[in-house]
Amino acid sequence: MSSSRHDHPLPPARVQEVSDGVYAYIQPDGSWWINNTGFLVGRRGVISVDACSTERRTRAYREAIRSVTGRPVTTLINTHHHGDHTFGNFVFPEATIVGHERTRETILAEGIPEYRTMAWTEVDWGDLVACPPFLTYTDGVTVHSDELRCEVRHVGGPAHTTNDSIVWIPERALLFAGDLVFNGGTPFVMMGSVQGSIAVLDGLRELNAETIVPGHGGVCGPEVIDHVQGYLRFVMATAELGRAAGLSPLEAARETDLGEYGGLLDPERIVGNLHRAYAELDGLPPGEPIDLVTAMLEMVEFNGGRPLTCLA
């Protein structure tokens, strides 16, 4: 991966009002560990959708909320367990943390996992404390910001992970998609399922959302679903060809022309995605554990042996 885009400071995070009283918090450039969050402002308090990866970034997000309202953050919804969305949970000690049962189980099992230091350039994570959701659901739960209904739905899958949820605001045709949707970055399903993600995205399309806040990248419309699905179908087709030719996931990635997807951030994710696709073609059930250490180290190898660039 070229390091040229990392030679300049990233633009600052920004608060974007996407509907009346509903805000997206967009963190450029949306690459490794740099996610989006969002929040809803009601009369009694604030509902946050996700936290950030580092203590510094999450405290900056908290200050951004404070720049809009002085009301407390009463509820924090986690869309899935990954640390870029949950490591900062502890910065909101007054909030009820809401998430899927498997989100809680996985955070409890992993804590603050060591893999964050395995493949990436050095990051100032801060003094992280694992804080899992303590209000959990199996299929979904509804929260209300004043009279505004927000449907927190487990999407099934596995997709991006085994425990993905969305926050759907039907009255506004507004969707917080978590990492089911990447805008401008390479989709990543190494801990979930390629085919499961494709199916879940079909379901997201049926919502007829007009505005989508993706897990990474700028606020977008439903057309981005097609692009994410197109990439995942490309991964599956690449895996089928590579496997038939007797190539390993890394070898298949090296021989593949990414084509229209070559300009996405973090292209080395093709390797991790192919590891998952190969496992599915070999009959492993979606979301079942694979050798993540090998997959991550091979992403580094694909990257010329250099650690993956993380600017979080």
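The second largest cavity is lined by 15 residues. Nearest its centre lie His81, Thr86, Phe87, Ile107 and Gly111. Two elements, α2 and α3 (101–110), give two or more residues to this lining. Helix α3 gives the most, with 3 residues. The space inside the second largest cavity is about 90 Å³. What kinds of residue form its lining? The split is 8 nonpolar, 6 polar and 1 charged. Keep in mind that this is a predicted model.

How are such spaces found? Rolling a probe the size of a water molecule over the atoms shows where empty space is left. How many cavities of 30 Å³ or more are there? The count comes to 4.

Now turn to the largest cavity. About 200 Å³ of space lies in it. Its lining has 16 residues. The closest to its centre are Trp32, Trp33, His82, Asp84 and Phe188. Which elements each supply at least two residues of this lining? They are α2 (83–86) and β11 (174–182). So α2 is a name to remember, because it gives two or more residues to the second largest cavity and at least two to the largest cavity. The lining of the largest cavity divides into 9 nonpolar, 4 polar and 3 charged residues.Strand β11 is worth following further. Is β11 mostly covered or mostly open? It is mostly covered: 9 of its 9 residues are buried. In a regular strand the side chains alternate between the two faces of the sheet. Now look at the partners of β11. On one pairing, strand β10 (residues 165–169) meets β11 in the antiparallel sense, over 3 bridges. Find Val167, and you can locate its bridge partner in β11, which is Phe176. These two strands, β10 and β11, form a hairpin with 4 residues between them. Ala173 sits in the turn and has a positive phi of about 50°.

Another pairing joins β11 to strand β12 (residues 211–216). Which way do β11 and β12 run, parallel or antiparallel? They run parallel, with 5 bridges between them. Gly178 stands opposite Pro214 in β12. To get from β11 to β12, the chain passes through helix α4 (residues 194–205). This β-α-β crossover is right-handed.

Next come the charged pairs. Side chains of opposite charge can pair when their charged atoms come close. How many salt bridges does a search of the whole structure find? It finds 12.

Start with Arg43 and Glu147. Their side chains meet in a salt bridge, at 2.9 Å from N to O. This pair links distant parts of the chain, 104 residues apart. Arg43 is in the loop between β3 (37–41) and β4 (46–49). Glu147 is in the loop between β8 (140–145) and β9 (148–154). Are Arg43 and Glu147 buried or exposed? Both are exposed. Asp146 joins in as well: Arg43, Asp146 and Glu147 are linked in a network of salt bridges.

A second pair lies within one helix. The side chains of Arg66 and Glu63 meet in a salt bridge, at 2.3 Å from N to O. Where do these two residues sit relative to each other? They are 3 residues apart in helix α1 (residues 55–68), so about one helical turn separates them. Arg66 is partly exposed, with a relative accessible area of 44%. Glu63 is partly exposed too, at 45%.

A third pair is Arg269 and Asp266. Their closest N and O atoms are 3.1 Å apart, and the two form a salt bridge. Why does Arg269 count as buried? Its relative accessibility is 2%, and buried means under 20%. Asp266 is buried as well, with a relative accessible area of 0%. Set this beside the first pair, where Arg43 and Glu147 are exposed.

Finally, go back to helix α1, which holds Ala60. At 36% relative accessibility, Ala60 counts as partly exposed. Now find Ala13, which is 47 residues from Ala60 along the chain. The C-alpha atoms of Ala60 and Ala13 are separated by 8.8 Å.

Technical notes: Residues numbered from 1 in each chain as written. Predicted model: local features only at pLDDT ≥ 70, side-chain atom pairs only at ≥ 80, totals over all residues. Heavy atoms only, no water. 1 Å grid on protein atoms, 1.4 Å probe; cavity = no way out; pocket = protein on both sides within 12 Å on 5 of 7 lines; lining within 4 Å. Points joined across faces, edges and corners; volume = space filled by probe spheres on them. Nonpolar A, V, L, I, M, F, W, Y, C, P; charged D, E, K, R; others polar. Buried < 20%, exposed > 50% of the residue type's maximum accessible area, 1.4 Å probe, protein only. Pairing = 2+ DSSP bridges. Right-handed = clockwise from strand over helix to strand, strands pointing away. Salt bridge = Lys/Arg side-chain N within 4 Å of Asp/Glu carboxyl O.
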